[in-house]
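Subject: Structure handover

Dear colleague,

Here is the structure for you to take over. My notes on it come after the file.

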Amino acid sequence: MRAVTTRPGVPGSLALAELPEPQPTADSLLVDGLAVGICGTDREIVRGEYGSPPAGAEVLVLGHESLGRVRHAPPGSGFSAGDLVAGVVRRPDPEPCGACAHGEFDMCRNGRYTERGIVGRDGYAAQVWSVAPAYAVKLSASLADVGVLVEPASVVAKAWEQVERIGARAWFEPRRVLVTGAGPIGLLAAMMGVQRGLDVHVVDQVTCGPKPVLTERLGASYHTAAVDAVMTELRPDVVIEATAAADVVWAVVGNTAPYGITCLTGVSSAGRQVPADLGALNRSLVLENDVIVGSVNANLRHYAAAAEALARAEPDWLSGLLTRRVPLADWQSAYEPHPEDIKVVLDLTGG
Ligand code: BGC
């Protein structure tokens, strides 16, 4: 079988390798890989800036946004051959820490977790993969074309859950949300905001192409003005930050409505400095009971919420997020970003 591999830390080592197929076992699902989605984390690993191979190996199979069809399922696993599935990314640390011991491995405290296709564990960018049933999510057959969105949607479902849990510490009835960045995370965050009945706004620099169209099709408003001006105009109750750009982060924090919640979902590179009045930020956070929260990864509860949210969304709108579907024969181009991309998908089913 073929699989996309790289040597973490070694730029230029991306390869389409021929690897032995995993074999059916009594305690794992054997899955035919249909597709993987590609995100900024994959590109960071490809550039040699992030990621690690499994213990004792030099090469990592990439891919954490998975979609596959079960070929073999052990009896009693809850799965059957033919089921559409996505695999969970993170595994608890081996100790495990308290959070991992409670199934909240997305909140791992000691950092010794592993992540398929990212940290210490082979991923899903392979024509055949295996996964423990406890780390697979069954998807509605209606998601056959767009199921690669389950993993990014799980990250967004977790972000929304964080906002709601934090809001629940006192009376909370948010009305307006601003999403910064109209990439896959931002647009899925906007979709889940609309599903919650909120007044949803999205801000991005791009003025044409699918991003404004997809936002408006949701019934949300699209803005291209400077983020600080949009914040002043809207004073949102909730911000979901999905650009990871330091100046955008700085423009949103402390500028929400009172009791505002800003959820940061983007992983930025260090080193970008912006002039900051931390006294003013502190004053605003304290006097308004504002919260800034970081959110990464997702546990099984969030995958289930994501699968459910996607099944409720308009299939056509979801397909619109997949702006480039690359056949395996052209696999390398999937890892090269194009300016008009929203989500790039590598089709694993070709010869
Ligand atoms: C993935 C997360 C992962 C994070 C950090 C993101 O791209 O979606 O599942 O935890 O990278 O490795």
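The notes below start with the ligand and then move on to side-chain contacts and the backbone. Please keep in mind that this is a predicted model.

**Ligand site**

The shell around the ligand is made up of Cys39, Thr41, Tyr50, His64, Val89, Arg90, Glu115, Ile118, Glu151, Val155, Val296 and Asn297. By class, these residues divide into 6 nonpolar, 3 polar and 3 charged.

Several side chains in the shell come within polar reach of the ligand's oxygen atoms. For Thr41, an N or O atom of the side chain is 2.5 Å from a ligand oxygen. Glu115 places a polar side-chain atom 2.6 Å from an oxygen atom of the ligand, and for Asn297 the corresponding distance is 2.9 Å. Taken on its own, the ligand has 310 Å² of accessible area, and the protein covers 90% of it.

Arg90 belongs to the ligand shell and also takes part in a contact with a ring: its charged end sits over the ring of Tyr113, 3.5 Å from the ring centre.

**Rings and charges**

A second charge sits over a ring elsewhere. Here the charged end of Lys138 is over the ring of Phe79, 5.6 Å from its centre.

There are 3 aromatic pairs in the structure. One of them is formed by Tyr124 and Trp129, with 4.6 Å from centre to centre and 65 degrees between the planes. This pair counts as edge-to-face because the angle between its planes is over 60 degrees. Both partners are buried: Tyr124 has a relative accessible area of 0%, and Trp129 has 2%.

**Polar contacts in the protein**

Asp341 is in the loop between helix H11 (residues 331-334) and strand E19 (residues 343-347). With a relative accessibility of 13%, Asp341 counts as buried. The side chain of Asp341 makes a polar contact of 2.9 Å with the side chain of Arg324. The Asp341 side chain also reaches the backbone nitrogen of His338, at 2.8 Å.

Thr6 is part of strand E1, which covers residues 2-6. Its relative accessibility is 0%, so Thr6 counts as buried. A polar contact of 3.1 Å links the side chain of Thr6 to that of Ser13.

At helix H8 (residues 278-288), Asp277 caps the N-terminal end, with a side-chain oxygen 3.2 Å from the backbone nitrogen of Gly279. Just after H8 comes Asn289, which has a positive phi of about 55 degrees.

**Backbone geometry in the loops**

If you rebuild or check the backbone, which residues are joined by a cis peptide bond? They are Glu95 and Pro96, with omega at about -15 degrees. Pro96 is in the loop that runs between strand E7 (90-91) and helix H2 (98-101).

Positive phi values also turn up in the loops on either side of helix H7. Ala244 is in the loop between strand E15 (238-241) and helix H7 (246-252), and its phi is near 65 degrees, a positive value in a residue other than glycine. Tyr259 is in the loop between H7 and strand E16 (261-264). Tyr259 is not a glycine either, and its phi is positive at about 65 degrees. Ala244 is buried at 17% relative accessibility, and Tyr259 is buried with a relative accessible area of 17%.

**Long-range neighbours in sequence and space**

Leu322 is in strand E18 (residues 322-326) and counts as buried at 10% relative accessibility. Leu322 and Val146 are 176 residues apart in sequence, while their C-alpha atoms are 7.7 Å apart in space.

Ala136 is in strand E11 (residues 136-139). Ala136 counts as buried, at 10% relative accessibility. Along the chain, Ala136 and Leu300 are 164 residues apart, and 8.8 Å separates their C-alpha atoms.

**In short**

For the ligand, the contacts to look up are those of Thr41, Glu115 and Asn297. For the backbone, the entries are the cis bond between Glu95 and Pro96 and the positive phi values of Ala244, Tyr259 and Asn289.

Regards

Key. Residues are numbered from 1 along each chain as its sequence is written. This is a predicted model: local features need pLDDT of at least 70, side-chain atom pairs count only at pLDDT 80 or more; totals for chains, interfaces and linings use all residues. Side-chain values use heavy atoms; hydrogens and water are left out. Rings of Phe, Tyr and Trp (its six-membered ring) pair if their centres lie within 6.5 Å; planes under 30 degrees apart count as stacked, over 60 as edge-to-face and the rest as tilted. Buried means under 20% relative accessible area, exposed over 50%, partly exposed in between (1.4 Å probe, protein chains only). A charge sits over a ring if NZ of Lys or CZ of Arg is within 6 Å of the ring centre and within 35 degrees of the ring normal. A residue is near a molecule or strand if one of its heavy atoms lies within 4 Å of it. A polar contact is a pair of N or O atoms within 3.5 Å; within protein, one must be able to donate a hydrogen and the other to accept it, and residues adjacent in sequence count only if both atoms are side-chain atoms. Accessible areas come from the Shrake-Rupley method with a 1.4 Å probe; for residues, only the protein chains shown count as cover. Ala, Val, Leu, Ile, Met, Phe, Trp, Tyr, Cys and Pro count as nonpolar, Asp, Glu, Lys and Arg as charged, and the others, Gly among them, as polar. Helices (H or I, at least four residues) and strands (E, at least two) are DSSP runs, numbered from the N terminus.
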